[in-house]
Amino acid sequence: MAAHLSSGRVNLTALREAGRRELREFLDKCAGSKAIVWDEYLTGPFGLIAQDSLLKEHEVEKMFTLKPGRLPQADVKNIIFFVRPKLELMDIIADNVLREDRGRSPQRDFHILFVPRRSLLCEQWLKEQGVLGSFIHREQYSLDLIPFDGDLLSMESESAFKECYLESDQTSLYHAAKGLMTLQALYGTIPQIFGKGECARHVANMMIRMKREFPGGQNSIFPVFDTLLLLDRNVDLLTPLATQLTYEGLIDEIYGIQNTYVKLPPEKFAPKKQGETGKDLPTEPKKLQLNSAEELYAEIRDKNFNAVGSVLSKKAKIISAAFEERHHAKTVGEIKQFVSQLPHMQAARSSLANHTSIAELIKDITTSEDFFDNLTVEQEFMSGIDTDKVNNYIEDCIAQKHPLIKILRLVCLQSVCNSGLKQKVLDYYKREILQTYGYEHILTLNNLEKAGLLKPQTSGRNNYPTIRKTLRLWMDDVNEQNPNDISYVYSGYAPLSVRLAQLLARPGWRSIEEVLKMLPGPHFEERQQLPTGLQKKRQHGENRVTLVFFLGGVTYAEIAALRFLSQMEDGGTEYVIATTKLINGTSWIKSLMEKLEPAPF
């Protein structure tokens, strides 16, 4: 089931198994038949740890979504709430419990499982509502880092960036440190820690403190990771704002990938029958799982979208040639061999059909005039053209009332590429946005300013050109078909975050001290002592393994760029990626928007 988790240098199945074991132990504490009431946000992440079959094995008979009112009828002994520690969810739980029919027989037992941590505040709230005593088991399930793929872990904490940078709430950083401690318990102590940014510094400090407080936790496992690199999202605010141009990145930009699943318009996937009218077409979105367990997807996910078409047409030729083989099978042995390969060939054919349909859907958008105009403006900003004055295209988009998030992404991109906007340019944009989209968005603009995304230029100096040149962030001669540099993921722009990881591996950060000082937050290095006998002696030609942890979110294009570095012949380093959340520019800006309803009058 999880073969793709063990395909990389680090076998992440062990992490998934640890999560499943903890879940089984909790379910077995609640003896008898069970119904789970889910906080809806958790169903996706849990699906990556445990399938329904595991829950059924442990007597889970029914599953409901948490909502106010009476709980649905279920003839079970135990009701278990799986929830995040949020006060608004406690109100719903209290309502569910208080409406329970106490006269019914037999009575149902209640339990609550907090994910990822128990919260004193939530328990106090339940106590004030008079329901805390109704719960027999009140426990926590530490779902910190969830394996998404053979080289990818995410905490799926949707508000981590906002909490860290706007609310100075370090809860998600504590969970990140806990997740890293779990990783070290399974895969050995990571000898070297590098970091850049305030949050990175906090996480490293917490890890070091946790290690000191649990001296018994000194494990004798041979270290799998050589280096941990902690990177704050606000060290590189530019990358998520730009439109990703890899295949997976574009699927996420256009349709949004949630916990490895994507929902697509169904009409492209309906098998066309002769004489069929439009009214028979399916209306339910087509739901597909996207991970490297699918051979074709693993091959094309990280390619620039312009290089995907040729791979698909090559595959189509190979598959049709393979099916033609059946006409040449003469002997029983040959026929038997063909039949044994049939399931694999049919899976390959359906996979090809799906990805051809997805590529057609994406192409309809990427060949549109609007997409091209938007991309041109982004690329001008990133290469340093006209970043200091009001942009005509942005003005036109506001006048035509294009989606607000599109406008905010462009204005923030311009601000970041100019180390802040001149006050009169910033005021002009703000005024236009508020007059066109409504004054309720003033709080959103304030949040973007606090996060450093949309701000006035304070120092009077624009550092971006220096950073761009020193780190080679803009490459004019980018090769999209056979790339030789990470800049292919944005057709010219090399993600700053990944460039930092690349330079750390070779020649080291000392070579870019000056630029590191221009980027926000401290940069640091820590070493963790390994017990004698566990020091790594590297075999000749063996690659180092680096875990890059993005605090505040990472995009699929950055993941593609790190995978590209892992596969480089002379790279010498393989990367595993961890993050608080998988993001794109739209979901990221959305997480910073304030939902303020306009006044009813």
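Helices and strands here are DSSP runs, numbered from the N terminus, with at least four residues for a helix and at least two for a strand. The model is predicted.

**Stop 1: two cis prolines**

Select Pro-116. It sits in the loop between β4 (109–114) and α5 (120–128). Look at the bond that links Val-115 to Pro-116: this peptide is cis, with omega about 0 degrees.

Now jump to Pro-507, in the loop between α20 (496–505) and α21 (513–518). The bond from Arg-506 to Pro-507 is also a cis peptide. Here omega is near 10 degrees.

**Stop 2: the nonpolar cores**

Select Phe-82, Leu-230, Leu-453, Leu-500 and Phe-549. Within the largest nonpolar core, which has 165 residues, these five touch the most other members. Then color helix α16 (residues 404–416), which gives the most to this core: 9 residues.

Zoom in on Phe-82. Which residues is Phe-82 in contact with, leaving aside neighbours within four places in sequence? They are Leu-23, Phe-26, Leu-27, Ile-36, Val-37, Trp-38, Asp-39, Leu-42, Phe-46 and Leu-113.

A second core, separate from that one, has 24 residues. Pick out Leu-71, Leu-89, Ala-94 and Leu-132, which are among them.

**Stop 3: a helix pair**

Show helix α10 (residues 247–254) with helix α13 (residues 332–366). They pack at an angle of about 65 degrees, and their axes are 11 Å apart. Angles of 65 to 115 degrees count as roughly perpendicular, so α10 and α13 are roughly perpendicular to each other. Their crossing is left-handed.

Turn on side chains at the contact. From α10, select Tyr-247, Leu-250, Ile-251 and Ile-254. From α13, select His-355, Ile-358, Ala-359, Ile-362, Ile-365 and Thr-366. By class, the contact has 8 nonpolar and 2 polar residues, with no charged ones.

**Stop 4: Lys-268**

Stay with α13 on screen and add Lys-268, from the loop between β11 (261–264) and β12 (286–289). Is Lys-268 buried or partly exposed? Its relative accessible area is 30%, so Lys-268 is partly exposed. Not counting residues up to four places away in sequence, Lys-268 touches Ser-357, Glu-360, Leu-361 and Asp-364. Try a distance to Ala-353 too: the C-alpha atoms of Lys-268 and Ala-353 are 10.0 Å apart, with their positions 85 residues apart in sequence.

**Stop 5: positive phi**

Finish at Asn-259, in the loop between β10 (257–258) and β11. Asn-259 is not a glycine, yet its phi is positive, about 50 degrees. Asn-259 is buried, with a relative accessible area of 12%.

Thr-260 is in the loop between β10 and β11. Its phi is near 70 degrees, again positive in a residue other than glycine. Thr-260 is buried, at 4% relative accessible area.

Definitions and conventions: Residues are numbered from 1 along each chain as its sequence is written. This is a predicted model: local features need pLDDT of at least 70, side-chain atom pairs count only at pLDDT 80 or more; totals for chains, interfaces and linings use all residues. Side-chain values use heavy atoms; hydrogens and water are left out. A nonpolar core is a set of buried Ala, Val, Leu, Ile, Met, Phe, Trp, Tyr and Cys residues joined through side-chain atoms within 4.5 Å. Buried means under 20% relative accessible area, exposed over 50%, partly exposed in between (1.4 Å probe, protein chains only). Contact means heavy atoms within 4.5 Å. Axes are lines fitted to C-alpha atoms, for helices over the stretch in contact, and angles run from 0 to 180 degrees between N-to-C directions. Angles under 35 degrees count as roughly parallel, over 145 as roughly antiparallel, 65 to 115 as roughly perpendicular and the rest as oblique. A crossing is left-handed if the near helix is turned anticlockwise from the far one by less than a right angle, and right-handed if clockwise. Ala, Val, Leu, Ile, Met, Phe, Trp, Tyr, Cys and Pro count as nonpolar, Asp, Glu, Lys and Arg as charged, and the others, Gly among them, as polar.
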